[in-house]
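Here are my notebook entries from a session with one model. I kept them short, and I hope they are easy to follow.

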Amino acid sequence: MKIGIDVFGCNHARSGVGSYLLNILSNLPLEKDISIELFGPELDRYTYNSENELPFISLPIADNLTIQRNWHRRKIRKFLKKRKYDLVLFPAPDYVIPKKYKHKNVIVVNTTITQVLKSEKKRYIRQMKKGFQHATKIIAASEYIKQDLINHGISSKKIVIIQNGIDHKLFFPTLNYAEDIVQINPFAIKRPYFIYATRLSEEGKNHLSLIKAFEIFKTNTGFSHRLVIAGDFANPEYVEKIQRMVVNSNFASDIFLLGYFPHESLPKLFAGAEAFIFPSDIEGVGLPVLEAMACGIPVLCSNKGALKEVAGDAPKYFNSADVFEIADLMQDVIENPKMREKMVAKGQKYAAGFDWQITANKTLELIKNLISFK
């Protein structure tokens, strides 16, 4: 069996889908009768090979989304035929996807089509919809994503739910974190602080609402807490709005925008925080919520998207449009140690059920069954 994996659109492992692919490949069980080959830009030759050294086919295609989409529309079928794959895995369909296939394929969906449609050009929307319709199988990371696919006319028979996992070697509780400064080069962050980690990509991430809530929290309590926002500056216009709001805030000196933060450094950043706050309304998964719970800190998050499905009853939920509700929960999680203790214990127990090894095994089993089925 020869499996091809398309790494185009995975943002060089600096996004959720890139992290997904990195974790899947690190946990895939290697079997003698299965050959796995990656293909993508030369820039990613070593990005996804930290654990299992897999063959990589470098393609001379510019690191430009429009050019990569054109290649997937016009030339990928010839390439796949030449490589003689039995099946191809596409982990980033909201960025790049063929509109037709001659090979068996599996598409992995970690966000909703509804969300993609809000920002994409009509031409790619047509390409993406055809790609989904002609897919052999679609892996949805949550029931929420599955229902969204069905609402857009995708047959439920094509969709299989396989939840994402957590790297428990990386994300685990740090007991008695006593340092006043969290030192993660090049940053030195003074505690106490709240943390929000996600890409700064669009309005639905609700960074602006969180900053307003933080200002209310600071005004009401006078506490010394800071707000730390970590995430790739993915959308310059949105980032500019956030930066402008921070600069104009009465508490500007207590708000930190870190930009892109290496995934392997997040556990230390999480462990030093008083709480993880996740106000996004648009998550098809919301994996950072589970990673924060695994690190042993309480989580406050939006009641929208897939978050309630994915995170269970461990977090305290809020309406992200109600900045006063968010501010009140920020105060409660600091002033109520018994509530905090229960949240931490419940979160750790719940997050323990998510493991990338399970995700990788289920994904490989699906692929093997599809290849074997004539």
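**Entry 1: a place to start**

Where is the place of Arg126? I found Arg126 in helix α5. I took helices (H or I, at least four residues) and strands (E, at least two) from DSSP runs, numbered from the N terminus.

Before going on, I noted that this is a predicted model, where local features need pLDDT of at least 70 and side-chain atom pairs count only at pLDDT 80 or more, while totals for chains, interfaces and linings use all residues. Residues are numbered from 1 along each chain as its sequence is written, and side-chain values use heavy atoms, with hydrogens and water left out.

Next I looked up the cover on Arg126. Its relative accessible area is 53%, so Arg126 is exposed. My cut-offs are under 20% for buried, over 50% for exposed and partly exposed in between (1.4 Å probe, protein chains only). The areas themselves come from the Shrake-Rupley method.

**Entry 2: the positive patch**

I then asked what surrounds this arginine. Arg126 belongs to a surface patch of positive charge, together with Arg74, Lys75, Arg77, Lys78, Lys81, Lys82, Lys100, Lys102, Lys122, Arg123 and Lys130. Two elements, α3 (76-83) and α5 (122-133), give two or more residues each to the positive patch.

For the patch rule, I used residues with over 30% relative accessible area and no salt bridge, joining like charges within 9 Å. Lys and Arg count as positive, and a charge is placed at NZ of Lys or CZ of Arg.

**Entry 3: helix α1**

I checked the length of α1 (residues 16-27). Its 12 residues should span 16 Å at 1.5 Å a residue, and the end C-alpha atoms are 17 Å apart, which agrees. The expected span is 1.5 Å times one less than the number of residues.

How many residues of α1 are buried? I counted 9 of the 12, so by cover this helix is mostly hidden. Among the buried ones are Val17, Tyr20, Leu21, Ile24 and Leu25.

**Entry 4: salt bridges**

I searched for a side-chain nitrogen of Lys or Arg within 4 Å of a carboxyl oxygen of Asp or Glu, which is the salt-bridge rule here. The count came to 11 salt bridges.

One of them pairs Arg14 with Asp232 at 3.7 Å, N to O. Arg14 lies in the loop between β1 (2-6) and α1, and Asp232 in the loop between β11 (226-230) and α8 (236-248), so this pair ties together parts 218 residues apart in sequence. Arg14 is partly exposed at 37%, whereas Asp232 is buried at 14%.

Glu37 and Arg83 form another, with the closest N and O atoms 2.9 Å apart. Glu37 sits in strand β2 (residues 35-40) and Arg83 in helix α3, so the pair links parts 46 residues apart in sequence. Glu37 is buried at 6%, while Arg83 is partly exposed at 22%.

Within helix α8, Arg244 and Glu240 meet at 3.1 Å, N to O. They are 4 residues apart, about one turn of the helix. Arg244 is partly exposed at 43%, and Glu240 is partly exposed at 44%. I also noted that salt bridges with shared partners join Arg14, Arg199 and Asp232 into one network.

**Entry 5: Glu283**

My last look-up was Glu283, in the loop between β13 (275-278) and α10 (287-294). Glu283 is buried, with a relative accessible area of 11%. From Pro173, Glu283 is 110 residues away in sequence and 25 Å away in space, C-alpha to C-alpha.

Technical notes. Patches are made of residues with over 30% relative accessible area and no salt bridge: like charges are joined within 9 Å, nonpolar side chains (Val, Leu, Ile, Met, Phe, Trp, Tyr) within 5 Å. Accessible areas come from the Shrake-Rupley method with a 1.4 Å probe; for residues, only the protein chains shown count as cover.
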